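Reader: I would like to learn how to read a structure feature by feature. Can we go through one together, in order?

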Amino acid sequence: MRAGQTTQSFETSRARYPLKMKPAGVPARLRRWIFWTLLASCALCAMLNLLIGGFPWCLYVLLSAYIFYGVFVTQSLVDASIMGKLWAMILSASALLLLIGYLEGGQWALKTVVPMVLFGGVCTGTALYLPKQLTQRPYLFPYFSLLLAGILFPVTVMTIAGHANWACVVLFCASNMICILLSVFHRASILQELRKKTSTK
């Protein structure tokens, strides 16, 4: 009788407290293999660049490998939301484009390409955020980081270059318009989430 009661209580507790599920992501063994493969590839490219000399193209390989590993390998979708991954990918791609533009000379990346990448990120972030904004609170801060980048980057370009082209103007206007619309239609939920994040209780 006691054995039956023990078995029943164990089954009841297991039903009440389900087993912890492993987060969906890249397995640890595969993650280590990808890390060492990328590290060996970067080291080989750096040595070849030093032996051959000339343009430091190995920096492209290093930053690209860092972006791939940091955005797609290290974090799972449980640890980082899709919006967080989008923000990390946009930020890393913009940094890579700015590096390429700086090393090759010219302001094509600063004035045109990076604003277009940020504009695509703002549009994608808006499409991800609006349907989820009442149920997926982790989307809030990465999304507003995208909007803030869309506002500040054109201002930075105008400060550095002295003028802004069409890509910066479109990015600046779209980011500001989305911020105004969100402040009008979703102000209550946004302020509530901000109070939760900044509360010390």
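Author: We can begin at a packing surface. The model here is predicted. In it, the buried residues of helix 2 pack against helix 3.

Reader: Which residues of helix 2 are buried?

Author: They are I34, C42, C45 and N49. As a general idea, an α-helix has 3.6 residues a turn, so residues three or four places apart point the same way. In this case, C42, C45 and N49 are among the buried residues of helix 2.

Reader: Why does N49 count as buried?

Author: Buried means under 20% relative accessible area. N49 counts as buried because its relative accessibility is 6%.

Reader: What does N49 touch, leaving out residues up to four places away in sequence?

Author: N49 touches G54, F55, P56, W57 and C58. One of these, C58, is also on the list of buried residues of helix 3. Helix 2 itself is followed by G53, which has a positive phi near 80°.

Reader: How do I check the length of a helix such as helix 2?

Author: Compare the distance between its end C-alpha atoms with the span expected at 1.5 Å a residue. Helix 2 has 25 residues and should span 36 Å; its end C-alpha atoms are 36 Å apart, so the two agree. Helix 3, residues 58-73, has 16 residues and reaches 21 Å from its first C-alpha to its last, close to the 22 Å expected.

Reader: What covers the buried residues of helix 3?

Author: The cover includes helix 2 (28-52) and helix 4. The residues being covered are C58, Y60, A65, I67, V71 and V73.

Reader: How many helices and how many strands does the chain have?

Author: There are eight helices and zero strands. Read from the N terminus, the elements run α-α-α-α-α-α-α-α. Buried residues account for 29% of the 201 residues in the chain.

Reader: How should I read contacts along the chain?

Author: Look at how far apart in sequence the partners are. Among contacts between residues at least 6 apart in sequence, 68% join residues at least 24 apart. A spatial distance can be read beside a sequence separation too: A95 and I67 are 28 residues apart along the chain, and their C-alpha atoms are separated by 9.7 Å. A95 is in helix 4, and A95 counts as partly exposed because its relative accessibility is 37%.

Reader: Where do nonpolar residues gather?

Author: In soluble globular proteins, nonpolar side chains tend to be buried together. Here the largest nonpolar core has 20 residues, and L118 and Y143 touch the most other members. Helix 4 (82-104), helix 5, helix 6 (140-161) and helix 7 (166-185) each give two or more residues to this core. Helix 6 gives the most, with seven residues.

Reader: What is L118 in contact with, apart from neighbours within four places in sequence?

Author: L118 is in contact with I90, S94, A149, F153 and L171. Another core, of five residues, lies apart from the largest one; its members include Y60, I67, V71 and L96.

Reader: Which residues of helix 6 are buried?

Author: The list is L140, P142, Y143, L146, L147, A149, G150, I151, F153, P154 and V157. The 22 residues of helix 6 should span 32 Å, and the end C-alpha atoms are 32 Å apart, so expectation and model agree. Just after helix 6, G162 has a positive phi of about 90°.

Reader: Is L148 buried, exposed or partly exposed, and where is L148 found?

Author: L148 is found in helix 6. L148 counts as partly exposed because its relative accessibility is 47%. The C-alpha atoms of L148 and V122 are 9.7 Å apart, with their positions 26 residues apart in sequence.

Reader: What about a charged residue: how far from K111 is the nearest side chain of opposite charge?

Author: That side chain is E104, 16 Å away, and K111 is buried yet has no salt bridge. K111 is in helix 5, residues 108-132. Not counting residues up to four places away in sequence, K111 touches V157, A161, H163, N165, A167 and C168. Of these, V157 is also one of the buried residues of helix 6.

Reader: Last, what is the accessible surface of the chain?

Author: The accessible surface comes to about 13300 Å², and 70% of it belongs to carbon and sulfur atoms.

Notes:
Residues numbered from 1 in each chain as written. Heavy atoms only, no water. Helix = DSSP H or I, 4+ residues; strand = E, 2+ residues; numbered from the N terminus. Buried < 20%, exposed > 50% of the residue type's maximum accessible area, 1.4 Å probe, protein only. Lys, Arg positive; Asp, Glu negative; His and termini not counted. Salt bridge = Lys/Arg side-chain N within 4 Å of Asp/Glu carboxyl O. Contact = heavy atoms within 4.5 Å. Core = buried A, V, L, I, M, F, W, Y, C linked by side-chain atoms within 4.5 Å. Expected span 1.5 Å × (residues − 1). Areas by Shrake-Rupley, 256 points an atom, 1.4 Å probe, with all protein chains shown as cover.
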